[in-house]
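Here is a short report on the fold and the ligand site of one protein model. Please look over the sequence and the structure first.

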Amino acid sequence: MKVVERKPEMRELAAGWRAAGRRVGLVPTMGALHEGHLSLVRAATGECDATVVSIFVNPTQFAPGEDFEQYPRTLEADEAACDKLGVEAVFAPSADEMYGAAAETYVGQDRLTTILEGAARPTHFRGVLTVVLKLFHIVGPHAAYFGRKDYQQAVVIRRMVADLDVPVEIRVCPTVREPGGLALSSRNNYLRPEERRRATCLFDALCRAERLFEEGERDPGALQRAMRERLGAETGVQVDYAVITDGADLTTPDTARAGDVALVAARVGETRLIDNIVLGEGK
Ligand code: AMP
């Protein structure tokens with residue numbers, strides 16, 4: 001497995017694979033790889049001939065005061081995990097290599113990046129979209145793999161790819177969870193043991209909405225109230241949002257339908273967590 005730090009080398013390597021007729025897969029990550037990330041890597045290596053995992057803690061998607069500095073960095077272990085899964089190259093550029101000092105161009109998107117996570121983190125998605133588009137240009141993958149765990153992120157990326165005619169297939173993989181239901185996340189490392197236990201209330205709340213939906217409840221307001229009630233019952237948990245939206249464009253439906261998504265965000269102690277499930281699928 002190659003570890004590549006420079007953009008020209010990455011570009012050349014991937015161009016060679018494409019020229020040889022190999023299907024190229026890309027898994028963008030910020031590292032500190034866990035089973036959630038590795039499930040994307042397995043999906044990519046299963047469907048592609050050459051898989052690139054990018055590991056880049058992207059400064060432009062963190063606002064001042066967020067956790068950019070304390071974000072876990074475990075490059076050596078990440079490389080070993082990728083190697084074991086048959087990854088062809090890890091792309092791990094420095095921030096200088098990725099952006100350069102003169103950079104001043106960003107990818108903007110309107111409504112979708114101003115709601116939910118975008119309301120809480122106003123500059124987050126422009127950082128995400130910019131780095132993802134750059135990675136698409138550098139690697140030129142046939143397919144790119146994202147987790148359903150970050151549901152809105154997958155939606156805004158699909159929107160960008162459609163709007164800007166980017167020739168890449170977006171694949172979205174199921175959320176990997178701990179046995180108690182907590183979605184795996186690098187930010188779970190910030191939780192104290194007691195907070196970790198409390199954090200399962202996010203998945204509990206989503207399951208409650210799913211159960212009500214399965215029992216026939218179709219009023220989005222009633223489903224939202226049930227989620228808030230469950231989250232509100234947990235001490236030390238502050239709800240940011242608990243909503244039902246259309247699964248494709250994140251608008252609010254009049255009536256809940258299968259394929260709509262239940263999305264929650266809450267602060268557990270100091271740590272902000274997000275999770276979701278798709279109604280009618282329970283995952
Ligand atoms: P991150 O390193 O947090 O930027 O995540 C990189 C990719 O892994 C994103 O597409 C995430 O949605 C995905 N991911 C993170 N956690 C999980 C999880 N628990 N299950 C599935 N995918 C995940």
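The report below covers the two sheets, the helices on them and the ligand site.

## The six-stranded sheet

This is a predicted model. One open sheet holds six strands. Their order is β1-β4-β3-β2-β5-β6, and the pairing is parallel. Strands of a sheet pair through backbone hydrogen bonds, either parallel or antiparallel. The edges are β1 (2-4) and β6 (169-173), each with pairing on one side only. On average, neighbouring strands here are turned by 25° against each other, direction ignored.

Start at the β1 edge. Three bridges link β1 to β4 (residues 89-91), in the parallel sense. Within this pair, Val3 stands opposite Val90 of β4.

## Helices on the six-stranded sheet

Two helices can be placed against these strands. Helix α2 packs on the sheet and touches β2, β3 (50-55), β5 and β6. The direction of α2 makes about 155° with that of β5. Helix α3 spans residues 75-84. It lies across β1, β3 and β4 and runs at about 165° to β3.

## The three-stranded sheet

The other sheet is also open. It has three strands in the order β7-β8-β9, and here the pairing is antiparallel. Its edge strands are β7 (237-245) and β9 (271-278), each pairing on one side only. Neighbouring strands of this sheet are turned by 10° against each other on average, direction ignored.

How many bridges join β7 to β8? There are eight, and the two strands run antiparallel. Strand β8 covers residues 261-268. Ala242 has Val264 as its bridge partner in β8. Helix α9 (residues 201-214) lies across β7, β8 and β9. The angle between α9 and β9 is about 25°.

## The ligand site

The shell around the ligand has 17 residues. The closest are Met30, Gly147, Asp150, Val176 and Leu184. By class, the shell divides into eight nonpolar, seven polar and two charged residues.

Oxygen atoms of the ligand take part in several polar contacts. A polar backbone atom of Met30 lies 2.9 Å from a ligand oxygen. Gly147 also places a backbone N or O atom 2.9 Å from an oxygen atom of the ligand. His37 uses its side chain instead: one of its N or O atoms there is 2.9 Å from a ligand oxygen. Taken alone, the ligand exposes 480 Å², and the protein buries 92% of that.

## Where the shell comes from

Which elements give two or more residues to the shell around the ligand? They are β2 (24-29), α2 (35-47) and β5 (143-147). The largest share, three residues, comes from α2.

This ties the site to the six-stranded sheet. Strands β2 and β5 sit side by side in its order, and both give residues to the shell. Helix α2 touches both of these strands.

Methods. Residues are numbered from 1 along each chain as its sequence is written. This is a predicted model: local features need pLDDT of at least 70, side-chain atom pairs count only at pLDDT 80 or more; totals for chains, interfaces and linings use all residues. Side-chain values use heavy atoms; hydrogens and water are left out. Two strands pair if DSSP finds at least two bridges between them. Helices (H or I, at least four residues) and strands (E, at least two) are DSSP runs, numbered from the N terminus. Axes are lines fitted to C-alpha atoms, for helices over the stretch in contact, and angles run from 0 to 180 degrees between N-to-C directions. Contact means heavy atoms within 4.5 Å. A residue is near a molecule or strand if one of its heavy atoms lies within 4 Å of it. A polar contact is a pair of N or O atoms within 3.5 Å; within protein, one must be able to donate a hydrogen and the other to accept it, and residues adjacent in sequence count only if both atoms are side-chain atoms. Accessible areas come from the Shrake-Rupley method with a 1.4 Å probe; for residues, only the protein chains shown count as cover. Ala, Val, Leu, Ile, Met, Phe, Trp, Tyr, Cys and Pro count as nonpolar, Asp, Glu, Lys and Arg as charged, and the others, Gly among them, as polar.
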